[in-house]
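This report describes the fold, the buried interior and the surface of one protein chain. Please consult the sequence and the structure shown below while reading.

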Amino acid sequence: MATYRTEPGGSPVKQGVAAVTSIAAAVLLLAVGVLSILAGISAIAGDELFVTGPNYILQFDTTTWGWIHLVLGILLVIAAVALMSGALWARITAVVLAGLSIIANFLWIPYYPWWSIVVIAIDLVVIWAVSTWRPEQM
């Protein structure tokens, strides 16, 4: 019979779900990074794809947003690959970059609203999974 050592708030089942979700979060973060790279390239290459609404207070040129998404996407891909190792620095980096991705996509809503909302939701799942995962308890 196996015995599990648990600390307050850390049941084995919860940690198992968080571990599996963290690996899934790394894959989701990788997908968000790749898609951010593609969105950035399309915004840089041709501004005709994105429609901007009038009177948006935080309006940038779509080329500027393209570069922001391109750089953020590259950093997200690097963090996702590092997150698969479970290292503490990779987990912290993933949470910070997912937070930056939430902010960037919130500001990107006037250009591409449905995609931005989906990416924000995925980033929230990534932050939850990475924040609740404690690999030392596995």
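The sections below proceed from the overall fold to the cores, individual buried residues and the surface.

## Overall fold

The model is predicted. The chain contains 4 helices and 0 strands, and its elements follow the pattern α-α-α-α along the sequence. Of the 138 residues in the chain, 38% are buried.

Contacts between residues 24 or more positions apart make up 70% of the contacts in the chain with a separation of 6 or more. One pair illustrates such a separation: V119 and S36 lie 83 residues apart in sequence, while their C-alpha atoms are 9.3 Å apart in space.

## Nonpolar cores

The largest nonpolar core comprises 17 residues, and L29, L76, L83 and V126 have the most contacts inside it. Each of α1 (12-45), α2, α3 and α4 supplies at least two residues of this core. Helix α2 provides the largest share, with 5 residues.

V126 touches A25, L28, L29 and A98, when residues up to four places away in sequence are not counted. A second, separate core has 5 residues, including A43, L107, W108 and Y111.

## Helix α3

Helix α3 covers residues 88-108. Its 21 residues should span 30 Å at 1.5 Å a residue, and its end C-alpha atoms are 30 Å apart, so the expected span and the model agree.

The buried residues of this helix are A90, R91, A94, L97, A98, S101, I102, A104, N105, L107 and W108. The spacing of such a list can be read against a general property of helices. An α-helix has 3.6 residues a turn, so residues three or four places apart point the same way. Charged and polar residues appear in the buried list as well, among them R91, S101 and N105.

## Buried contacts between α3 and α4

N105 is located in helix α3. Its relative accessible area is 1%, and N105 therefore counts as buried, the cut-off being under 20%. Apart from neighbours within four places in sequence, N105 is in contact with H69, S116, V119, I120 and D123.

S116 belongs to helix α4, which runs over residues 113-132. With a relative accessible area of 0%, S116 is buried. Not counting residues up to four places away in sequence, S116 touches N105, W108 and I109. V119 is also found in helix α4, and V119 is buried with a relative accessible area of 0%. Its contacts, leaving aside neighbours within four places in sequence, are V32, S101 and N105. N105 thus appears among the contacts of S116 and among those of V119.

## Surface

The chain exposes about 7800 Å², of which carbon and sulfur atoms supply 75%. Which residues make a nonpolar patch on this surface? W67, V71, I74, L75 and I78 form a nonpolar surface patch of about 480 Å².

I78, a member of this patch, is found in helix α2 (residues 62-83). Its relative accessible area is 52%, and I78 is therefore classed as exposed, for which the cut-off is over 50%. Helix α2 thus holds I78 of the surface patch and also supplies 5 residues to the largest nonpolar core.

Terms used
Residues numbered from 1 in each chain as written. Predicted model: local features only at pLDDT ≥ 70, side-chain atom pairs only at ≥ 80, totals over all residues. Heavy atoms only, no water. Buried < 20%, exposed > 50% of the residue type's maximum accessible area, 1.4 Å probe, protein only. Contact = heavy atoms within 4.5 Å. Areas by Shrake-Rupley, 256 points an atom, 1.4 Å probe, with all protein chains shown as cover. Patch = residues over 30% accessible without salt bridge, like charges linked within 9 Å, V, L, I, M, F, W, Y side chains within 5 Å. Salt bridge = Lys/Arg side-chain N within 4 Å of Asp/Glu carboxyl O. Expected span 1.5 Å × (residues − 1). Core = buried A, V, L, I, M, F, W, Y, C linked by side-chain atoms within 4.5 Å.
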